[in-house]
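Here is a friendly briefing to read alongside your structure. Have the viewer open and follow each topic in turn.

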Amino acid sequence: MTAIKTTQPIREKTDIEKMKQTLRPGRDRIMFLLGINSGLRISDIVNRKCSDFKNDTVEVREQKTGKIKRFRLNPSVANEIHEYIKDHPREWLFQSRNGGHISTRQARRIITDAAEKVGLEHISTHSMRKTFGYQAFKMGVPLPIIMDGLNHSSPKVTKRYLGITQDIVDNELYSKMSL
């Protein structure tokens, strides 16, 4: 039986650190940090304006769902973004060389190239969103809160999204139960 090759979250924090070190400082690293700390889709990341980050609370109308997503940035991520904006004043946070913002295709290339250098497989821009949910799950954030953060309507979708398989349920739940 052939394994399904779907986009995966980055499960190990050491791999997240390797990605941060591999990505070019500035725009590319900030894009990755925003992705893994917000759960936004890449289409909602690349078109962020610097003015969207006047404070530590960000509000985005998601392109896919049309829903408003409002969240507070982690202080260290907010600080990196504010420092980047201060050093690179412009309209778009992820400005392209041609003006305007980078494309989702360019963002995907940046992330997949870094993942290949680190030795990670099945990593794409969508992995940033999945990593956000997976790492929250590993930290013990309840599934309904993760669902809300990802704007999912069903626990089944979120569990599949996070890659929660029967093996994980067996290892994390049943192997530890002894009442």
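**Salt bridges, helix packing and a few backbone details**

Glutamate 17 is partly exposed, with a relative accessible area of 38%. Its salt-bridge partner is lysine 20, and that residue is a good place to start a tour of helix α1. Please keep in mind that this is a predicted model. Across the whole structure, a search finds 10 salt bridges, and some of them are described below.

**Salt bridges within a helix**

- In the pair formed by glutamate 17 and lysine 20, the side chains meet with an N to O distance of 3.1 Å.
- Both residues of this pair belong to helix α1, where glutamate 17 and lysine 20 are three residues apart, about one turn of the helix.
- Is lysine 20 buried or exposed? Lysine 20 is buried, because its relative accessible area is 18% and the cut-off for buried is under 20%.
- Helix α4 (residues 75–87) holds a pair with the corresponding partners glutamate 83 and lysine 86, again three residues apart, about one turn of the helix.
- The side chains of glutamate 83 and lysine 86 form a salt bridge at 3.3 Å, N to O.
- Glutamate 83 is partly exposed at 36% relative accessibility, whereas lysine 86 counts as exposed at 56%.

**A salt bridge between strands, and a network**

- Glutamate 59 pairs with arginine 70 in a salt bridge whose closest N and O atoms are 2.4 Å apart.
- Glutamate 59 sits in strand β1 (residues 57–61) and arginine 70 in strand β2 (residues 68–72), so this salt bridge ties together parts that are 11 residues apart in sequence.
- Glutamate 59 has a relative accessibility of 43% and counts as partly exposed, while arginine 70 is exposed, with a relative accessible area of 56%.
- Which residues are linked in a network of salt bridges? They are Arg24, Arg27 and Asp28.
- As general background, side chains of opposite charge can pair when their charged atoms come close.

**How α1 packs against α2**

- Two packed helices are described by the angle between their axes and the distance between the axes.
- For helix α1 (residues 13–22) and helix α2 (residues 27–38), the angle is about 150 degrees and the axes are 9 Å apart.
- That angle makes α1 roughly antiparallel to α2, since the cut-off for this label is over 145 degrees.
- The crossing of α1 with α2 is right-handed.
- On the α1 side, the contact is made by Ile16, Met19 and Lys20, which meet Arg29, Phe32, Leu33 and Ile36 of α2.
- Sorted by class, the residues of this contact between α1 and α2 are five nonpolar, no polar and two charged.

**How α1 packs against α5**

- Helix α5 (residues 104–118) also packs with α1: the axes come within 9 Å and cross at roughly 115 degrees.
- What is the handedness of the crossing of α1 and α5? It is right-handed.
- Lys18, Met19 and Thr22 of α1 are in contact with Ile111, Ala114, Ala115, Lys117 and Val118 of α5.
- The contact of α1 with α5 comprises five nonpolar, one polar and two charged residues.
- Met19 of α1 takes part in the contact with α2 and in the contact with α5.

**Positive phi outside glycine**

- Histidine 122 has a phi near 60 degrees, a positive value in a residue other than glycine.
- You will find histidine 122 in the loop between α5 and α6 (125–138), where it is partly exposed at 34% relative accessibility.
- Asparagine 151 is not a glycine either, and its phi is positive at about 55 degrees.
- The loop between α7 (143–150) and α8 (155–162) holds asparagine 151, which is buried, with a relative accessible area of 19%.

**Arginine 11 and its contacts across the chain**

- Arginine 11 lies in the segment before α1 and is partly exposed, with a relative accessible area of 25%.
- Which residues does arginine 11 contact, leaving aside its neighbours within four places in sequence? They are Tyr134, Gln135, Lys138, Leu162 and Gly163.
- Arginine 11 and tyrosine 134 are 123 residues apart along the chain, yet their C-alpha atoms are separated by 7.0 Å.

Key:
Residues are numbered from 1 along each chain as its sequence is written. This is a predicted model: local features need pLDDT of at least 70, side-chain atom pairs count only at pLDDT 80 or more; totals for chains, interfaces and linings use all residues. Side-chain values use heavy atoms; hydrogens and water are left out. Axes are lines fitted to C-alpha atoms, for helices over the stretch in contact, and angles run from 0 to 180 degrees between N-to-C directions. Helices (H or I, at least four residues) and strands (E, at least two) are DSSP runs, numbered from the N terminus. Angles under 35 degrees count as roughly parallel, over 145 as roughly antiparallel, 65 to 115 as roughly perpendicular and the rest as oblique. A crossing is left-handed if the near helix is turned anticlockwise from the far one by less than a right angle, and right-handed if clockwise. Contact means heavy atoms within 4.5 Å. Ala, Val, Leu, Ile, Met, Phe, Trp, Tyr, Cys and Pro count as nonpolar, Asp, Glu, Lys and Arg as charged, and the others, Gly among them, as polar. A salt bridge is a side-chain nitrogen of Lys or Arg within 4 Å of a carboxyl oxygen of Asp or Glu. Buried means under 20% relative accessible area, exposed over 50%, partly exposed in between (1.4 Å probe, protein chains only).
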